[in-house]
Amino acid sequence: MQLLLLLLLSPWPSSSQSCCSHLLITSSGEAADHQSHRLGSYLVTTTDVSGRPIYKHQEREQFLFYLQSRSKGLWMVGPEVGQFDGGLASPADPHCVEDVPGGGWRYTDGSAWYRDTQLRVRCHHQGEDSFTKTEINAKFKITSLKWDQSLSDPGSEKFQDLANTIENDITAMLKSEKELDDQADFTVSVKHFKKGSVVVDFKVNYVIKEAYIAIPFAIKPSN
């Protein structure tokens, strides 16, 4: 059942309660395995009728927004603002999403909802403390897969299914290295597929909490 939220698009208002304009969603828990494409950096775009900000992923058609019900709303991350059709949600309803307490977020694996105590939504500031955001671009070839023209369309079901599988597999591999998992939060994103057999261009963003980090597999830079 889908819940419809009527939105009034308006300029970012001046308010006595100021929320962060740039957010970072990270997880070292199960949400990273099932919802890795919804982790990452979000920027505010507008506000809803309650004055709460609406955010958009910097690289994907994913939104972080407040979904109002008759009695109490929830924060949701999904592909369409106003629809109960996302993969991350919190029943907490503070005015600013960064004020959702730790342990207050849930993810879905497509069949049920589960709590992820490691999922965090926090303000992202330029040059923030001891955290450094780094990006690696890479590619590999899937020789066992026959090229399908729909893989060139990011909006196609085949593209999204294959991208989600690859993102989840690479994230799981990174998380399987305990020392690596303790040092950084990863977000894996497939950028596009190319013919021959199927060439996968992807990138790994990571937030480092230590002085250095070692990637446990060979990466060929992508031009």
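A residue is called buried when its relative accessible area is under 20%, exposed when it is over 50%, and partly exposed in between (1.4 Å probe, protein chains only). The model is predicted, so local features need pLDDT of at least 70 and side-chain atom pairs count only at pLDDT 80 or more, while totals for chains, interfaces and linings use all residues. Residues are numbered from 1 along each chain as its sequence is written, and side-chain values use heavy atoms, with hydrogens and water left out.

His57 has a relative accessible area of 4% and is therefore buried. This residue is found in strand E3, residues 53-57; strands (E, at least two residues) and helices (H or I, at least four) are DSSP runs numbered from the N terminus. A polar atom of the His57 side chain lies 3.0 Å from the backbone nitrogen of Glu59. Setting aside neighbours within four places in sequence, His57 is in contact (heavy atoms within 4.5 Å) with residues including His37, Arg38, Tyr42 and Gln62.

Arg60 follows in the loop between E3 and strand E4 (63-67). Its relative accessible area is 17%, so Arg60 is also buried. Beyond four places in sequence, Arg60 is in contact with His37, Glu167, Ser189 and Val190. The C-alpha atoms of Arg60 and Pro79 are separated by 8.8 Å, with these positions 19 residues apart along the chain.

Gln35 sits in the loop between helix H1 (31-34) and strand E2 (40-47). Because its relative accessibility is 6%, Gln35 counts as buried. Its side chain makes a polar contact with the side chain of Arg38 at 2.5 Å. A polar contact is a pair of N or O atoms within 3.5 Å; within protein, one must be able to donate a hydrogen and the other to accept it, and residues adjacent in sequence count only if both atoms are side-chain atoms. The backbone oxygen of Thr108 is 2.8 Å from a polar atom of the Gln35 side chain. Gln35 also touches Asn168, which is one of the buried residues of helix H2.

H2 covers residues 157-176, and its 20 residues should span 28 Å at 1.5 Å a residue; the end C-alpha atoms are 28 Å apart, so the two values agree. The expected span is 1.5 Å times one less than the number of residues. Just ahead of H2, in the loop that follows strand E10 (132-142), lies Ser156. A polar atom of the Ser156 side chain is 2.7 Å from the backbone oxygen of Ser150.

The empty spaces come next. The largest pocket has a volume of about 450 Å³. Its lining has 17 residues, and Arg60, Glu61, Gln62, Pro154 and Gln160 lie nearest its centre. H2 gives the most to this lining, with 5 residues. A search of the whole structure finds 1 cavity of 30 Å³ or more, and the largest cavity holds about 50 Å³ of space. H2 and E11 each give two or more residues to the lining of this cavity. On a 1 Å grid over the protein atoms alone, a cavity is a set of points where a 1.4 Å probe fits but cannot get out, and a pocket is an open set with protein on both sides within 12 Å along at least five of seven lines; lining residues have an atom within 4 Å of a point. Points are joined across faces, edges and corners, and a volume is the space filled by probe spheres set on them.
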